[in-house]
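Here's a quick look at how the pieces of this assembly meet. Have the structure open as you read.

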Number of protein chains: 2
Amino acid sequence: MNLKQLSEHLKLSQTTVSRALNGYPEVSEHTRNRILKAAQDLNYRPNIRAKGLATGRALAIGHVIPVSNQHEMVNPVFGDFIAGAGDSYARAGYDMILTRVPDDEVSRVYHDIKARGNVDGIIVHGPVINDPRISLLSRIGLPFVVHGRSTDVNQPYSWIDVNNRGAFERGTQFLIELGHRRIALLNGLEHMDFAFRRRKGYENALRNNALPVEPDLMRSEEMTEIFGYRSARDMLERTDRPTAFVCSSIITAMGVRRAVHDSGLTMARDVSIVTHDDALSYLENGDDVPIFTALRSSVRSAGSLAADMLLSLIAAPQSGPRTRLLEAELIIGRSTGPAAT
Amino acid sequence: MNLKQLSEHLKLSQTTVSRALNGYPEVSEHTRNRILKAAQDLNYRPNIRAKGLATGRALAIGHVIPVSNQHEMVNPVFGDFIAGAGDSYARAGYDMILTRVPDDEVSRVYHDIKARGNVDGIIVHGPVINDPRISLLSRIGLPFVVHGRSTDVNQPYSWIDVNNRGAFERGTQFLIELGHRRIALLNGLEHMDFAFRRRKGYENALRNNALPVEPDLMRSEEMTEIFGYRSARDMLERTDRPTAFVCSSIITAMGVRRAVHDSGLTMARDVSIVTHDDALSYLENGDDVPIFTALRSSVRSAGSLAADMLLSLIAAPQSGPRTRLLEAELIIGRSTGPAAT
DNA sequence: GAATCATCCCAAAGCGCTTTGGATGCGTCA
DNA sequence: TGACGCATCCAAAGCGCTTTGGGATGATTC
């Protein structure tokens, strides 16, 4: 069932039917109702490709996920972010198109996307420090919103981000106030902007309290369980072992917990853990009482907000870059306690 | 830069240029090379919507993710599956379109998708027992491949699945051979087909060894860490506590491990754990020596295979349903040992 | 030399929609 | 009564591509 058939069936022109369906005023209420009813009854759906061709809009948003050549890991955060964004798109009648792109092909792919015209805008995932994609997309003229920010990029652009620096400063400060002096940081890869900012926050807190920043206590890797385990294991073997850990991910924190157990120590009593928590639906941080003391910020709602931001950016292109900084919430769980004296 | 401009620039017809670019034989080698070079130089990309309109193909695959009204959890497996599939699509020049659909709207959405014509085929995620989507899609006439199978559906359809029954039978048998007699099952939601099959496998192994199937030792829920923890905690408090657990997910297994520790017991010595392992990139099961004894099957390669299957199904629609059963590999890790006597 | 046949290329229609630029009919007003 | 405005509707062009149905050219055959 296409427009032509529908209009023939109604003995009206395609123009009138199209206008009625799209809410234009040049159609009488009577005719409009007749058309809407027929469309409903005959189960008419406009062909999105034809519509796109005619309007020049694609009615789709692209999510371009960088896949690094060294680090093939799929971001665990991704599913939840997409879920949040997808719900927003569904409400607006947009499709969501996913593309995985190797680092060395981003430029080609963005040009492709622009030329093929299959999306109206893009969400940029996983920004690194001084991310070249931002100036590239601005130059190409494709509307976009970055999930995260990019340090050292000085042109304006739209982004939505958690206050990573602030959160980690707060988490570290919290441990310091509990009396901890040797606090380790198990961070994500620090060329990633979020990880870079988290380290800044961690260091700020130490400096504010006149504590030394010790490279020995800082690690930066993909945030896996095994990374948490191995790092904590190593550090806990030392005589001057840390009494607390700040982790960039619940998964890593789980590894630390395992190491604490395996070292014959007790969490909260001997070793405290504070972790970032993206509130992933499959990694709930306990139920009534959280397992880990955490800096929580739902990546799912970030997805939804990013999508909304991009859609409004597309609707009003002139309105200039928008930004939104979300604050993480400090949740006190059972993984922290006063430093042993 | 569109076809018209390109052909004017070359002083050729659109027909010839189109044919040259799409590899049709009616163009001399000389002209073809000239066209290819110009296309390259001028950075020409065909508009995919126009192409789709003209050919009737969408050059896109839809992934429809069911979102249950009761269980809002985002499937943790999803990211890796998509990664595998996405790589296949990229190779074939297809786009991947994601749609999240509430359970009660599947029918409407599938009809929409068909009518709007924005995909050439669909991957069905998360099949339940007797899944209505299969007959629905067959009736609508949209090519599809199911990730998993659906018990009680007797019409033929294309699917790719892990041998869940076989894997869990094997895992349970392994524990029995280690001397375990009281073996608990922490399963996913059993209206999901994969979970249903896993229970069958578990029960088969018990029956084959003349062991009782005890409802007290079987739980079925969303596969979270907390589910594993709480269930194991409960069961380990009993006087006739289980000596082994079979889990449907590494995340749940982590919860069990925590419960074992918190109960003052030792993994492998007092309590053994066997778990399914989807080989998620952010949940590696240890490094050289796996942490958990596991039934491993990469969901990522399943994604890639599912995508390839669907693409070939679209290319040769008459060729009838295809199926592919993957075997999980039993990996011996440090979570299992002989039953304490 | 005419007929036949490849080879290479083109004009134009068509995919399903939107949108421009009228056309038509009717009531209103001086 | 004629001019005008308004409310409704329509024909046709156009979005960028593919594909059908030839047309022109030169080589080959008889």
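## Where the DNA sits

This is a predicted model. Both protein chains help form the surface near DNA strand C: chain A brings in α1 (3–10), α2 (14–21) and α4 (48–55), and chain B adds α2 (14–21) and α4, with each of these helices supplying at least two residues. Which helix gives the most? That would be α4(A), with 5 residues.

In total, 26 residues surround strand C. The closest are A:Asn2, A:Leu3, A:Ser18, A:Ala50 and A:Ala54. Sort the surface by class and you get 13 polar, 9 nonpolar and 4 charged residues.

## How the two chains meet

Now for the protein–protein side: 45 residues of chain B are in contact with 45 residues of chain A. On chain B, the elements that each put at least two residues into the side touching chain A are α4 (48–55), α5 (78–92), β2 (95–102), α6 (106–116), α10 (225–237) and α11 (250–262). Here α5(B) gives the most, with 8 residues.

As for make-up, the side of chain B that touches chain A splits into 20 nonpolar, 13 polar and 12 charged residues.

## A strand pair across the interface

Take a look at β2 (residues 95–102) of chain A, too. It is joined to β2(B) by 3 bridges, and the two strands run antiparallel. Which residue of β2(B) is the bridge partner of A:Ile97? It's B:Ile97.

How values were computed. Residues numbered from 1 in each chain as written. Chains lettered and ligands numbered in written order. Predicted model: local features only at pLDDT ≥ 70, side-chain atom pairs only at ≥ 80, totals over all residues. Contact = placed C-beta atoms within 7 Å. Helix = DSSP H or I, 4+ residues; strand = E, 2+ residues; numbered from the N terminus. Nonpolar A, V, L, I, M, F, W, Y, C, P; charged D, E, K, R; others polar. Pairing = 2+ DSSP bridges. Near = placed C-beta within 6 Å.
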